[in-house]
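Ready for a few hands-on exercises? Open up the structure below and keep it beside you while you work.

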Amino acid sequence: MARDKLVCFSPTGEKLAHSGLDGILRIWNTVSGVLEHEYQPAEHLTATTSCIRYSPHTLKKNKGQQNEDTNKNSLIAMGTLAGTIILYSPEKREVIATLEHGPTNAVLDIAWGGPKKLFSLGEDNIVIEWDIVSGKKILSSPVSGGTSLSYIDKKTLVVGHRSIEVVSLSKNESRVKVKRKFTGHVSLITQLLSVSPEEGSPRYFLSSSEDDRYFYAWDLQKEDSEPVGSFLVNDTILSVAAGEMKESTVLMAAVTSRGVLVLFRQHLNGNVKRQAVKSIGRLKISAKSKSKPTTIPIVSAFFCNDSTSHITIAYGSSSVLKFERLSVEEILAKREIVREDPNKTSVTETSLIKTVTPKVTKKATIVSHYTSLSQSENKRKLGDEDGAAALPMEERLNTLVLDTPTVQGEIPKADNLTQLLLQGLHSKDKRLLSGVFDRRDQNLINNTVRRLPVQAVVPLIEHLQTLVMGKGHKHFGYVTWIRAVLYYHMSHLSTIPNRMELMRPFFSASASKLSTLIQVMQLHARLDLMLNHVATRHQEEKQAEIEPDAMLVYRDDSSDDDDMLDNVLGVSESEDQWDEMSDYGEVNGHSDADSDMEADDTVSAVKRKLEEEQVVLDSDSEEEEDSEDSEESEDENEIEVDDSDDN
């Protein structure tokens, strides 16, 4: 839902219709600057306004109304996201008729083809031609795709999506035919505007798109699919206005997202090189302030098409608008004007108000803002002095209960931040919004989103897009807010035409995170294993430091002697063998005591045998040593004898 489709001037520029986020249609008088009246559709909660258009001419019922004012009996066509078109008369202040474009398809754009003819473009890519008098469909034809619509003449209609198609209208055929195509824009087209010629049918039309810093001019009579003019704005374009062409020269104005008006003057048939056309001037409106000057945003502009080329400018907010009529020469000379901020009250209204700032200490806790009197206190004041007669029966009975639990010292808690969120979205205060989105309480987030009006859902999602896709710190709380919005407002989001473009950043962000999910999980498992290993080692080291060293260590060496005895005897001391030996002794008439004595005798005999063998070994070793000594002595004697023989 583009913002430029919710603001439109009357054919003479004396009236301006504007539909805000609250769903209220406001009719302003641009000459006196007075808000004439407001109209709120009965189905504004379920059928949000998507586009509004003033009828270009007076709807005349008979010949006696030829000389009436062009603003009398004019109509405003209001397209909704529910697929209906409301025809509203601002003079009669009543709904003339309601047209059904489609039960589930939103109306994306509307174009008047005269006082009795209306064209509507739906989300289902169907263009319908309506007869306003009878309320019947004249023609219903599908198109390849479209988000914007513009009426050229009785036989030509321009439809834009990203590319632009020029289609022909014929009563004899059941559908429109594509005459030619233009390259268009990269992003979705938000506005198509025909340039009024001095005489005859329009030859040129303008186009602008979302998130684009250029708007283009196209020639219907040339076979080339490229634009005949490219106009550089250096900022995101909200809306484009054009004056009447005079001597093949046209004045154009673009309103930017920063609230600045940019002027262009161009001979559309003379840009042979097709270079980007630069602006001839800019207009900025500043507010009177002793501190840092602030900019009052310009909402829309209208060319009066008089001899002095005046422009009517609407500035301010959706609820409070101001109007200024300036000539092109004044805009080129001044470039910046200072005006009172329409959102601020006058000095006379605020002079009687005394502002008291409370002293807040470090121990103070700010919970929420409350009204001065509760409902029960108001009821007591309306009754008698003691207030007993003014209380309802339920409260009287509750006062008679003696065991009612009383909680002392409990601080009241606010369960939602709806008002703070709405203020932040309206004022675009980043500090206030960051304070709201930093909350992580699930119940608080759910209650806040659930109480949010449907008109603030799209601005909330757009701000969440900047938080998720932009640079800076991101935390899980943003995902909680997005999930709450989808849960509580899914029915409203399903009726928005550009819901896919609105949710595409979240899809791309989640897809990029899912592409690295497996690697992140593997890394998480490895880090978890390493941390557990390090924690176990630290625990063992601490346990070793806590446990004391042993003062005495005892070692039993008797097992070596027992093994030696087993090897000598060839028996083992297993329980089975000892049981068999005991059974054998009992069978032969031996008792346990006798067997013990026999075992002792056996051990002593074995020891004696070992001692005898040791003695034998010692004697053998001594004999070997004596024999070696004798052999050495014999060798020495032989050597001496040999020496003597030699001598």
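What follows is a set of exercises, each with a worked solution.

Before you start, know that this is a predicted model, where local features need pLDDT of at least 70, side-chain atom pairs count only at pLDDT 80 or more, and totals for chains, interfaces and linings use all residues. Residues are numbered from 1 along each chain as its sequence is written, and side-chain values use heavy atoms, with hydrogens and water left out.

**Exercise 1. Find the buried residues of helix H5 and work out how they are arranged around the helix.**

Step 1: Locate H5, which covers residues 418–427. Helices here are DSSP runs of H or I with at least four residues, strands are E runs of at least two, and both are numbered from the N terminus.

Step 2: Pick out the buried residues (buried is under 20% relative accessible area, exposed over 50%, partly exposed in between, with a 1.4 Å probe and protein chains only). You should get Thr418, Leu421, Gly424 and Leu425.

Step 3: Look down the axis of H5: these residues fall within an arc of 130 degrees, so they line one face of the helix. That arc is taken from the directions from the helix axis to the C-beta atoms. As background, an α-helix has 3.6 residues a turn, so residues three or four places apart point the same way.

Step 4: Check the other side of H5, where Gln419 and His426 are exposed. Just after H5, Lys428 takes a positive phi of about 55 degrees.

**Exercise 2. Place Asn125 and Asp211 in their loops and decide how exposed each one is.**

Step 1: Start with Asn125, a residue other than glycine whose phi is positive, near 60 degrees. Asn125 sits in the loop between strand E10 (117–122) and strand E11 (126–131). With a relative accessible area of 25%, Asn125 is partly exposed.

Step 2: Now try Asp211, which isn't a glycine but has a positive phi of about 55 degrees. Look for Asp211 in the loop between strand E18 (204–209) and strand E19 (214–219). Its relative accessible area is 68%, so Asp211 is exposed.

**Exercise 3. Describe the aromatic pair of Phe437 and Trp481.**

Step 1: Get the rule straight: rings of Phe, Tyr and Trp (its six-membered ring) pair if their centres lie within 6.5 Å, and planes under 30 degrees apart count as stacked, over 60 as edge-to-face and the rest as tilted. A search of the whole structure turns up 13 such pairs.

Step 2: For Phe437 and Trp481, the centres are 5.1 Å apart and the planes make 80 degrees, which is edge-to-face.

Step 3: Place the partners: Phe437 is in helix H6 (residues 430–437) and Trp481 in helix H9 (residues 476–488), so the pair ties together parts that are 44 residues apart in sequence. Both Phe437 and Trp481 are buried.

Step 4: Try another spot too, where ring pairs link Phe182, Phe205, Tyr214, Tyr216 and Trp218 into a cluster.

**Exercise 4. Work through the salt bridges of Arg26 and Asp235.**

Step 1: Apply the rule, a side-chain nitrogen of Lys or Arg within 4 Å of a carboxyl oxygen of Asp or Glu. The count comes to 11 salt bridges.

Step 2: Arg26 meets Glu38 at 3.2 Å, N to O. Arg26 lies in strand E3 (residues 25–29) and Glu38 in strand E4 (residues 34–39), so the pair joins parts 12 residues apart in sequence. Arg26 counts as buried at 7% relative accessibility, whereas Glu38 is partly exposed at 42%.

Step 3: Asp235 bridges to Arg258, with the closest N and O atoms 3.6 Å apart. Here Asp235 is buried, at 7% relative accessible area, while Arg258 is exposed, at 63%.

**Exercise 5. Which residues have the most contacts inside the largest nonpolar core?**

Step 1: A nonpolar core is a set of buried Ala, Val, Leu, Ile, Met, Phe, Trp, Tyr and Cys residues joined through side-chain atoms within 4.5 Å.

Step 2: The largest one has 30 residues, and Leu421, Phe437, Leu460, Ile461 and Trp481 have the most contacts inside it.

Step 3: The largest share of this core, six residues, comes from H8.
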